[in-house]
Amino acid sequence: MSDKNVLLINPWIYDFAAYDMWSKPIGLLYIGGLLRANGYKISLINCLDRYNPELLIYQNLISPKSTEYDCGKFHKEIIEKPQILKDVQRKYGRYGLPIHIFRNELKKVSKPDIILVTSGMTYWYPGVFDAVKEAKNYFRDVPVILGGAYATLCYDHAIEHSNADYVICGEGEVKALKLVQELIGGNISFIPQNLDDYPYPAYDLLTSKNSLAILTSRGCPMGCTYCASSIVAGKFRQRDPIKVVDEIEFYYKTFGTKNFAFYDDALLLKPDEHIAVMLKEIIDRKINCNFHTPNAMHASQINESLAKLMFNAGFKTIRISLETSNITRQKAIGNKITPEILKEAIINLKKAGYKGRDIGVYVLICLPGQPLEEMIESVRYVHECGALTKLAVYSPIPQTKEWDKAVKYSGFDLNADPLLHNDSIYPLRLNDITIDDIQKVKALALELNKEI
Ligand code: SF4
């Protein structure tokens, strides 16, 4: 064991809205697991911890208000809106620990030799910067490494503005390990060769393990034009499904975890050698848990037998992507589904035992050049299929194929500031779509969902 301390920080979300749907800093904790396997001592400050004991006292709660599957609202404090977001008529907030509790957390950890900070959506960077600033104020001479999605997608911005000493892109485990060793010493005794080699994420550091995230694969081969999966997660690879079940069973037995959210971008691909094997194993081992798929699954793989396995294994939150019912656009943005395929998948899920309200279908609105009629048709189509519409407003992501189009269709200079990628602001100045139009689509989805 090395005497070197590494502090991991999962920063705040700064946004107009945020909700905890099994949000876990899995990438950061995978890095933590690998660092620990190489002898480093690790600690965590998780700004998004709804179970933080000091936060609960501050909120006058014994435990956080959560749904039956352990989702819930983050603590929010209203903060000043960045000037560039002033047109948004909503309150901007810091989601997560109040700043004084974060500072107390800094006081509690052993002095680190190095600090690793992760990042999420590109437009959440102010929360990342504040975490870096606070950490550097308290531990003045300690270097900070920044990684995660924002750091990968907006590398130059992060280098220039984040105040981190080092910025790493893409899959972070091995890069972080090598950089940590280079900067503070220690011995690298173990480098994973494939996904099955990775030590489990350091979930023991989380206050609550009522729900955890699982990654059975990384990346996605579909290459949709608006998606950053391959940029952030690299090429598509799947783990050994039996080893995934070993991991789930370990948490179930060790921590009593009852809810697992699959973070995969392509959970159902090659189903016969992956998900079907996993589900049969979960059933055989009598792992009595709830499983959730917040990242959406590929409808094309949901045949009758897979739907039945999902139901019997305990899949509760079912999310599928349609994006749009317009076939021409579907082909143009990814060609991963057709309206018919969605209909078939929903029929299969219902035959397996799911109700319409169990099935949420993502419809993506405000894609560059997408007319209002298409958004409305898509919402109506999901309703006709007998499932809930889950609207997602398009958020432009740098380096994706859709980016140039988004820049062209937006009335904002998207290159000027990642804050403009926010799905609350991007639609404000679209060429053809007004905010009233978007409200109409949202109201329609709400209305139709009530009938499901
Ligand atoms: S299928 Fe999903 S994860 Fe894969 S590229 Fe398309 S949007 Fe991204």
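Helices in this report are DSSP runs of at least four residues, numbered from the N terminus. The model is predicted.

**Helix 9**

Helix 9 covers residues 241-254. Just beyond this helix stands glycine 256, whose phi is positive, near 70 degrees. At the N-terminal end of helix 9, aspartate 240 acts as a cap, with a side-chain oxygen 2.9 Å from the backbone nitrogen of isoleucine 242.

The buried positions of helix 9 are Pro241, Val244, Val245, Glu247, Ile248, Glu249 and Tyr251. Their cover includes helix 1 (26-37) and helix 10 (275-284), together with strand 11 (211-214), strand 14 (259-262) and strand 15 (290-292).

Glutamate 247 belongs to helix 9. With a relative accessible area of 1%, glutamate 247 counts as buried because that value falls under 20%. Leaving aside residues up to four places away in sequence, glutamate 247 touches Tyr30, Tyr200, Pro201, Ile214 and Arg239.

**Helix 14**

Helix 14 spans residues 372-385. The two helices are set out below.

| Helix | Residues | Length | End-to-end C-alpha distance | Expected span |
|---|---|---|---|---|
| Helix 9 | 241-254 | 14 residues | 20 Å | 20 Å |
| Helix 14 | 372-385 | 14 residues | 20 Å | 20 Å |

In helix 14, the buried residues are Leu372, Glu374, Met375, Ser378, Val379, Tyr381, Val382 and Cys385. They pack against strand 16 (315-323), strand 17 (359-365) and strand 18 (388-393), and also against helix 12 (327-333), helix 13 (339-352) and helix 16 (435-450). Glycine 386 follows helix 14 and has a positive phi, near 85 degrees.

**Strand 1**

Strand 1 (residues 5-10) is mostly covered, with six of its six residues buried. In a regular strand the side chains alternate between the two faces of the sheet. On one side of strand 1 lie Asn5, Leu7 and Ile9, and on the other Val6, Leu8 and Asn10; all are buried, so both faces are covered.

Strand 1 pairs in the parallel sense with strand 4 (residues 41-46) over six bridges, and asparagine 5 stands opposite lysine 41 of strand 4. A parallel pairing also joins strand 1 to strand 8 (residues 114-117), here over four bridges. Within strand 8, leucine 116 is the bridge partner of leucine 8.

**Ligand surroundings**

The residues around the ligand are Cys220, Met222, Gly223, Cys224, Tyr226, Cys227, Asp265, His298 and Lys336. By class, this shell comprises five nonpolar, two polar and two charged residues.

How values were computed: Residues numbered from 1 in each chain as written. Predicted model: local features only at pLDDT ≥ 70, side-chain atom pairs only at ≥ 80, totals over all residues. Heavy atoms only, no water. Helix = DSSP H or I, 4+ residues; strand = E, 2+ residues; numbered from the N terminus. Expected span 1.5 Å × (residues − 1). Buried < 20%, exposed > 50% of the residue type's maximum accessible area, 1.4 Å probe, protein only. Contact = heavy atoms within 4.5 Å. Polar contact = N/O pair within 3.5 Å; in protein donor to acceptor, adjacent residues only side chain to side chain. Near = heavy atom within 4 Å. Nonpolar A, V, L, I, M, F, W, Y, C, P; charged D, E, K, R; others polar. Pairing = 2+ DSSP bridges.
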